[in-house]
Every structure is written in structure tokens, then in C-alpha cells.
Amino acid sequence: MTRPCLPPDPNTRAPRFKAPPLSCDSHAHIFGDFSEFPLSPNRSFTPPEAPVADLLGMLGVLGVERAVIVHSSAYGTDTRVSEAALKAAPDRLRGVAVTGPETPYADLERLDQLGFSGSRLSTVVKGTASFADLEAIAARVHPFGWHIAVHVNRSDELADLAPRLMALPNPIVVDHVARVRGDEGVQCRGYQALLELLRTDRCWVKLSALHRTSSEKFPWSDMRPLIEELLRTRPDRVVWGTDWPHVNQYDDMQNDGDLLDACAEWVGDDALMRKILVDNPQKLYRFPE
């Protein structure tokens, strides 16, 4: 039996930062009506119901028009809930799936046509493919031009995976700055592996869930040096996400308005914020120009 996660803060605060038109939240999850979309019994957590209408409502307060639905491990490889979300707002939403080494090509083609462009692997949660199948999954989705989304529990894991990731033909997207903690700093092994991946022209990184790896309160200022070095290295390969509805949180819940304002404070430049929120996700997730 898993402990129920806290729901997101329903009273989204309007951020001080004004997001530019066509801004994108590049990392969110959807948990639809559990009677229609039952959770997998093989899961690590029990999320709250968090339907696509609630996500779009939160984004409306933030002034963010687009989002990327990262299919949750709580559903395993049953992607119906995420597919339904993309169908509900096809101009505004794109997706990242969870697939296996033998997922039928017909299923991948259907997901691709709906707006999915990647497959996620994780060392953090049950229900998502493990890195034992990395090469097989990457080969399976490569004909569709999909990226591999990398979700690690500790930054050292990215350093261990880096040689295998570099050998793939697929683009790579690293979630949550590889979970490098603020107190690890830019010289730690995992962060240096992330920079090396970014320099290959094939890697992207998400500024998301950084309140979880900070040792400070809002605005989580110990994360700023990590962000600044990423932007010095590859400003054209950085995207931002809320990680809404913030599953695996049990004792405290931040406000999504604070998350956008913290990013704006870390970045400190409107032109760079436009890259992070508009230009980069438009290219990575195949939104129309």
C-alpha cells in the first residue's frame, strides 16, 4: 500500500514574471478519473486525481499557453490517460510516453501522430522502463525521431549512464537537472557529466523539480549557480517545467507561481527566458512556429 501524495496547491498565485506568448511548461503529469484510467498496481506512489482541465487552469494563471505531458509511471505503459489529454487540447499539448523494447510500431506511430516525441526511462519509480532496456527502447523509437528522457534518482547515476547515452543515435533529454543537489555544486561528477552531454549537440536539460534538490526555501537560491552554468554552456538546450501536480510530496507543497518566479530570478534575463520558455521547447517538442 502506498501513501497518498499531497494534491497541488489549488490557489495558484499569479507570478510577478510575465511569461511571453507561446510559453511552455515542459514537464507536467496528468492523472485522470481513476474509474476510467485506473492506476497500475505496480506503482511507487498514489497520486491525487489531477485532470487536464486543472492543469490548463493552473497554466492560465501562470500565463503559460503550452505544456508537455510526461506520461506517469503510475500508469505503467498504459498511455491512454496521456493520449486523452493531448486529444483534449491538441494545439497546446505535446507528450512524452513510456514504452517498452517491444512496443508495437503501430502504437508508436499512433502516439507520434498525437504529438508524442520521446520515451522516458527511470531509476526513480516503478512502472517506467529501466535502463537495462535503454538501447533496445532507443532503437525502437529512433525511426520516429524520438528522444530518450532520462530520469535518475541521484546525479552520479547520470555519470554512470553517460557513455551509453552518448552512443545512442537519439536525442537525450535529462529531467530535473539530473537531480544534482544544490549542496553538490557544479563540480560534482553528475553535473560535469551533464555538461559533457550538453556539449554534444544532442542533449537537452529540464529546469524542473529543483525545489526538491535545494537545501533552501523559496527562491531556492542554491540552485542558481547550476542554472547559470547550464545557460553559459548551452542556452539553446534548456527548457523549464513545473512538474505539476508534484507527486511524491507528502509534507509540504509549493505554489506553481513561485516556481515560475524562481526560474525568472535564477535566469535574470528576459531574452534567455524567452529561449527557455518558447524557442527551445518549440523545437524540442515539435510545436508549430
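## How the helices cross

Angles between helix axes under 35 degrees count as roughly parallel, over 145 as roughly antiparallel, 65 to 115 as roughly perpendicular, and the rest as oblique. Keep that in mind for this predicted model, where helix α9 (residues 256-267) packs against helix α10 (residues 270-284) at about 130°. The pair is therefore oblique. Their axes sit 9 Å apart, and the crossing of α9 and α10 is right-handed.

## What sits between them

On the α9 side, the residues in contact are Leu260, Cys263, Ala264 and Val267. Their partners from α10 are Leu272, Met273, Ile276 and Leu277. Sort the residues of this contact by class and you get eight nonpolar, no polar and no charged.

## A cavity that borrows from α9

Now for the empty space. Searching the whole structure for cavities of 30 Å³ or more turns up one, and the largest cavity holds about 60 Å³.

Which residues line the largest cavity? Going along the chain, they are Leu207, Ser208, Ala209, Leu210, His211, Trp240, Gly241, Thr242, Leu259 and Trp266. Two elements give two or more residues each to this lining: α7 (210-213) and α9. So α9 turns up twice in this report: it packs against α10, and it also helps line the largest cavity.

The lining has a mixed character, with six nonpolar and four polar residues. Charged residues are absent from the lining of the largest cavity, just as none appear in the contact of α9 with α10.

Terms used: Residues numbered from 1 in each chain as written. Predicted model: local features only at pLDDT ≥ 70, side-chain atom pairs only at ≥ 80, totals over all residues. Heavy atoms only, no water. Axes fitted to C-alpha atoms, helices over the stretch in contact; angles between N-to-C directions. Helix = DSSP H or I, 4+ residues; strand = E, 2+ residues; numbered from the N terminus. Left-handed = near helix turned anticlockwise from the far one by under 90°. Contact = heavy atoms within 4.5 Å. Nonpolar A, V, L, I, M, F, W, Y, C, P; charged D, E, K, R; others polar. 1 Å grid on protein atoms, 1.4 Å probe; cavity = no way out; pocket = protein on both sides within 12 Å on 5 of 7 lines; lining within 4 Å. Points joined across faces, edges and corners; volume = space filled by probe spheres on them.
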